[in-house]
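Hello,

Here is the structure I promised to pass on to you. Have a look at it first, and then read on for what turned up in it.

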Amino acid sequence: MKFEAIIDDQTRELELLEESGEVAFEDEIRSYNFSQQENGRYLLRMGTKLYQIDNVEYDKHTVSFTLNGNWHTVDVRNEQDLLLDRLGFKRAGEIGEGELNAPMPGKILEVLVNEGDEVELGSPVAILEAMKMENELKAPIDGVISSIAVAKGDSLEKDALILEIEASG
């Protein structure tokens with residue numbers, strides 16, 4: 001599977017060759033092994049080097065994490081994202097559609113915003129408990145909260161509507 005990663009304003013392409021356990025990166029093919037430990041830490045071995053990855057957070061295409069103790073933020077796009085970009089298509093969140101849906105089944109512990117509140121992309125708007133873990137749900141776009149479809153204590157199925165944001169700008 002091919003990916004494009006933007007790191008420090010530099011675009012890099014890589015391809016995971018999963019069957020062979022190799023990655024094509026910067027005109028080289030290297031062996032890799034990626035695993036998750038019980039404590040949540042990820043280990044990435046590339047050749048003879050071992051990297052520890054912690055504090056992983058996802059927000060659409062952006063992944064933030066610590067690598068051997070240093071913070072990094074990477075914008076990642078897979079083959080499908082790259083194809084849609086080349087064809088001029090945008091995903092819902094990228095064209096300003098502000099529906100926030102439950103990423104998994106769970107229970108709303110708290111709604112952090114009210115109708116009419118202004119929010120920025122990535123700002124926390126609700127807390128969803130799933131599998132005994134609290135998940136902070138973030139605004140998919142900049143805008144104004146136009147409707148809230150849930151209340152504290154509501155149980156939700158995957159993809160249930162939580163709130164809508166009217167795009168600003």
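A good place to begin is the bridge between Leu-17 and its partner in S3, Glu-22. Please keep in mind that this is a predicted model.

That bridge belongs to the pairing of S2 and S3, which are antiparallel and share four bridges. The two strands form a hairpin with four residues between them, and Gly-21 there has a positive phi near 70°.

On its other side in the sequence, S2 also pairs with S1, again in the antiparallel sense, through six bridges. Glu-4 is found opposite Glu-13 of S2. S1 and S2 make a hairpin too, with two residues between the strands, and Asp-8 in that turn shows a positive phi of about 50°.

Next, the largest pocket. Its space comes to about 1,200 Å³. The lining is made up of 27 residues, and those closest to the centre are Leu-14, Leu-44, Ile-53, Phe-65 and Val-74. Sorted by class, 21 lining residues are nonpolar, two are polar and four are charged. Which strands supply at least two residues each to this lining? They are S1 (2-7), S2 (10-17), S3 (22-25), S4 (28-36), S5 (42-46), S6 (49-59), S7 (62-67) and S8 (70-78). The hairpin strands S1, S2 and S3 are thus on the list of contributors.

Then there are the aromatic rings. The count of aromatic pairs is one. The ring centres of Phe-34 and Tyr-42 lie 5.4 Å apart with their planes at 15°, so this pair is stacked, the cut-off for stacking being under 30 degrees. Are these two residues buried or exposed? Phe-34 is partly exposed, at 46% relative accessibility, whereas Tyr-42 is buried, because its relative accessible area is 19% and the limit for buried is under 20%.

Further along the chain you will find an open sheet of four strands, in the order S13-S12-S10-S15, with antiparallel pairing. Strands S13 (133-138) and S15 (155-156) are at its edges, and each has a single partner strand, so one side of each lacks a neighbour in the sheet. Within this sheet, S10 (residues 106-111) and S12 (residues 124-130) run antiparallel and are joined by four bridges. One of the residues to look up there is Glu-110, whose bridge partner in S12 is Ile-127.

Enjoy exploring it, and write back with any questions.

Best wishes

How values were computed:
Residues are numbered from 1 along each chain as its sequence is written. This is a predicted model: local features need pLDDT of at least 70, side-chain atom pairs count only at pLDDT 80 or more; totals for chains, interfaces and linings use all residues. Side-chain values use heavy atoms; hydrogens and water are left out. Two strands pair if DSSP finds at least two bridges between them. On a 1 Å grid over the protein atoms alone, a cavity is a set of points where a 1.4 Å probe fits but cannot get out, and a pocket is an open set with protein on both sides within 12 Å along at least five of seven lines; lining residues have an atom within 4 Å of a point. Grid points are joined across faces, edges and corners, and a volume is the space filled by probe spheres set on the points. Ala, Val, Leu, Ile, Met, Phe, Trp, Tyr, Cys and Pro count as nonpolar, Asp, Glu, Lys and Arg as charged, and the others, Gly among them, as polar. Rings of Phe, Tyr and Trp (its six-membered ring) pair if their centres lie within 6.5 Å; planes under 30 degrees apart count as stacked, over 60 as edge-to-face and the rest as tilted. Buried means under 20% relative accessible area, exposed over 50%, partly exposed in between (1.4 Å probe, protein chains only).
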